[in-house]
Amino acid sequence: MDECFYRIPFDFASVLDESRGYANMCTELDSIDQHIEMLIGTYPGEHCFDGEYGTRIWEMDFERIVSLDTWKTRFTECLSQSISKYEKRISDCEYRVEVGDVLKESVLSRNVSVRKKVEIYIDATVNSSGERCRLYYTLFLGPLSKD
């Protein structure tokens, strides 16, 4: 059975439009990628039908990093738990997390802000085809500011 995968956000107007009558489709890999991106960006409790949907990484947003290795391990565990629970189309996931600082200076207000840039690399197997895939996401966490 061929499955249909739809682009996020779903365009209801395209389905209701009699001249078009269809929604934008995507590949299974694109669908997986979009779903993981939505999962990463959702804090548990935000989804009205499933209070556990999302990732607990947002609890770590403003956390002071004492040990980078410990923080990355905890971040990866939160990510792994959510993806293994909610994205069943992939398996054998391997995670790599890189953390760096991004400095942003505002000339007008003379403010300097430092944010953590978190790069997430996921290597996984797509269950339907057995092929390996690579997914990449970037997050900016924890704005620190200095006047």
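**Exercise 1. Work out how many helices and strands the protein has, and in what order they come.**

Solution. Start by counting: this predicted model has three helices and three strands. Next, walk along the chain from the N terminus, and the elements read α-α-α-β-β-β.

**Exercise 2. Describe the pairing of strands S1 and S2, and look at the hairpin they form.**

Solution. Begin with the strands themselves: S1 covers residues 90-106 and S2 covers residues 111-126. The two run antiparallel and are joined by 15 bridges. For one facing pair, take Val102, which stands opposite Arg115 in S2. Finally, turn to the link: four residues lie between the strands of this hairpin, and Arg110 adopts a positive phi near 60 degrees.

**Exercise 3. Decide whether Thr55 is buried or exposed, and find what it contacts.**

Solution. First, place the residue: Thr55 sits in the loop between helix H2 (28-40) and helix H3 (68-86). Then check its relative accessible area, which is 0%. Buried means under 20%, so Thr55 is buried. Last, list its partners, setting aside neighbours within four places in sequence: Thr55 contacts Leu39, Ile40, Thr42, Tyr43, Pro44, Cys78, Leu79 and Ser82.

**Exercise 4. Characterise the whole protein by burial, exposed area and contacts.**

Solution. Take burial to begin with: 31% of the 147 residues count as buried. Now the surface: the protein exposes about 10,000 Å², with 51% of that supplied by carbon and sulfur atoms. To finish, consider contacts between residues at least 6 apart in sequence; 48% of these join residues at least 24 apart.

How values were computed:
Residues are numbered from 1 along each chain as its sequence is written. This is a predicted model: local features need pLDDT of at least 70, side-chain atom pairs count only at pLDDT 80 or more; totals for chains, interfaces and linings use all residues. Side-chain values use heavy atoms; hydrogens and water are left out. Buried means under 20% relative accessible area, exposed over 50%, partly exposed in between (1.4 Å probe, protein chains only). Contact means heavy atoms within 4.5 Å. Accessible areas come from the Shrake-Rupley method with a 1.4 Å probe; for residues, only the protein chains shown count as cover. Two strands pair if DSSP finds at least two bridges between them.
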